[in-house]
Amino acid sequence: MGKADFLSPKAISNRIKSKGLQKLRWYCQMCQKQCRDENGFKCHCMSESHQRQLLLASENPTKFMDYFSDEFKSDFLELLRRRFGTKRVHNNIVYNEYISHREHVHMNSTQWETLTDFTKWLGREGLCKVDETPKGWYIQYVDRDPETIRRQEEQARKKKQELDDEERSAKFIQEQVRRGKDGKEAETQPVYTELKRESEEEKVAFNLSAPVASSSRSSLALGASALKAPASSSSVKRKETPSGSDSRGEKKKKSALEEIMEIEEKKKKKQSSAVRTDYWLQPNIIVKIVTKKLGEKYHKKKAVVMEVRDKYAAVVKMIDAGDKLKLDQNHLETVIPAPGKRVLILNGPYRDTEALLEGIDEKNFSATLTLDSGPQKGDSVDIAYEDFSKLA
């Protein structure tokens, strides 16, 4: 029986059947031939070309098994490195993606019987970090590329250098503080002298009426003043210190209004951090479709959210065509109307609050809104673009 023509129905059917993946048990790794059914695989095993390949493999079976094992290992690790990087991933996910390639090396031609054996071998060789969980084996690629290691060492060296600079600056500041303290102690330290007379004939006179700081005083008066000066200066300083501390306390002391304002700001920050969520869809708002998967017909077109499903998906109705679509929030974005239009706040402490758009701040990517409902009605707030949208 002759071979079917290229455009005959039988030839077309054979080409359709040969597309995609076939069953692994009907694949011959030595001949790299995929058979479609058991009969075809049996006929291939009886063929002369297959017998020749078996004779070659029987001469040195270890060589061929090592070759296929090395090919399987290198391709598997290359896919793991390129697709998942150093992330922790289930080994079956990587294997399913690996075998989706039609010309891959099959595991039944390698030294490993199962995927678990191969995973354990990767862990023993240090090529991956492996751990067993109730859900199965997880693997994490260990990047030993010289360029990556050099980059990591460079980052570690920079970090160490920054820490050294910080320590050096801290030591310098401590040294400056210590020198300042030593200088002050040297200045304030009193100097005591002995009471001596230069000659025996000199008379000792006491001038009680003159002030202590007079220029014409005897050596005895100088000694007495020297003894009294430190005590008087220290007493003066003791008196001055509380006044200085009082002045500093007055500077640091805040008014009751400032304290109340600080408390309110802290409450607002806590509320904003607690109220903010990762979903923002609300009914009766206008959104814009940003995904290109639906074609140019819907790309950059506006729609009205009719219904929100599971918080992250919505049924929208196109404004122009009237078509209804179900889309994820990642495929949509908010619509900013012209000033004076009504909007709905979708996220943050003012969530579900209607407001009036007063102005747009393009530099900070935000807008000024006047709240139109709620307990803070009439207040003006600044809201980011992605946290409000035009009402339908």
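**Glu48 counts as exposed, at 60% relative accessibility.** Exposed means over 50% relative accessible area, buried under 20%, and partly exposed in between, using a 1.4 Å probe and protein chains only. This is a predicted model, where local features need pLDDT of at least 70 and side-chain atom pairs count only at pLDDT 80 or more, while totals for chains, interfaces and linings use all residues. Residues are numbered from 1 along each chain as its sequence is written, and side-chain values use heavy atoms, with hydrogens and water left out. Glu48 pairs with Arg52 in a salt bridge whose closest N and O atoms sit 3.4 Å apart. A salt bridge here is a side-chain nitrogen of Lys or Arg within 4 Å of a carboxyl oxygen of Asp or Glu. About one helical turn separates the two, because they are 4 residues apart in helix α3 (residues 48-59). Helices are DSSP runs of H or I with at least four residues, strands are E runs of at least two, and both are numbered from the N terminus. Arg52 itself is partly exposed, with a relative accessible area of 48%.

**Lys73 and Asp70 meet through their side chains in a salt bridge.** The N to O distance is 3.6 Å. Both residues belong to helix α4, 3 residues apart, or about one turn of the helix. Asp70 is partly exposed at a relative accessible area of 41%, and Lys73 also counts as partly exposed, at 22%.

**A salt bridge links Glu97 to Arg83.** Their closest N and O atoms are 3.1 Å apart. Glu97 sits in helix α5 (residues 91-99) and Arg83 in helix α4, so the pair ties together parts that are 14 residues apart in sequence. Relative accessibility comes to 29% for Glu97, which counts as partly exposed, and to 47% for Arg83, also partly exposed.

**Glu78, Arg81 and Arg82 join up in a network of salt bridges.** For the wider picture, a search of the whole structure turns up 13 salt bridges. As background, side chains of opposite charge can pair when their charged atoms come close.

**Tyr67 sits in helix α4 (residues 61-84).** With a relative accessible area of 49%, Tyr67 is partly exposed. Look for Ser109 too: the C-alpha atoms of Tyr67 and Ser109 are 9.6 Å apart in space, with their positions 42 residues apart in sequence.

**Helix α7 (residues 146-188) carries Asp164.** Asp164 gathers with Glu162, Glu166 and Glu167 in a surface patch of negative charge. Patches take residues with over 30% relative accessible area and no salt bridge, joining like charges within 9 Å and nonpolar side chains (Val, Leu, Ile, Met, Phe, Trp, Tyr) within 5 Å. Phe172 is also found in helix α7, and with Ile173 and Val177 it forms a nonpolar patch on the surface with about 310 Å² of accessible area together. Areas come from the Shrake-Rupley method with a 1.4 Å probe. Phe172 counts as exposed, at 53% relative accessibility.

**Strand β13 (residues 366-371) is mostly covered.** Of its 6 residues, 5 are buried. Strand β12 (residues 354-361) runs antiparallel to β13, joined by 6 bridges, and Leu356 has Thr370 in β13 as its bridge partner. Strands pair if DSSP finds at least two bridges between them. Strand β14 (residues 380-384) is antiparallel to β13 as well, with 5 bridges, and here Ala367 stands opposite Ile383 in β14.

**Phe365 has a positive phi, near 55 degrees, without being a glycine.** Phe365 is found in the loop between β12 and β13, whose hairpin has 4 residues between the strands. With a relative accessible area of 55%, Phe365 is exposed. For context, most residues other than glycine have a negative phi.

**Asn284 also takes a positive phi, about 65 degrees, although it is not a glycine.** Find Asn284 in the loop between α9 (256-275) and β6 (286-289).

Note on methods
Lys, Arg positive; Asp, Glu negative; His and termini not counted. Charge placed at Lys NZ, Arg CZ, Asp CG, Glu CD.
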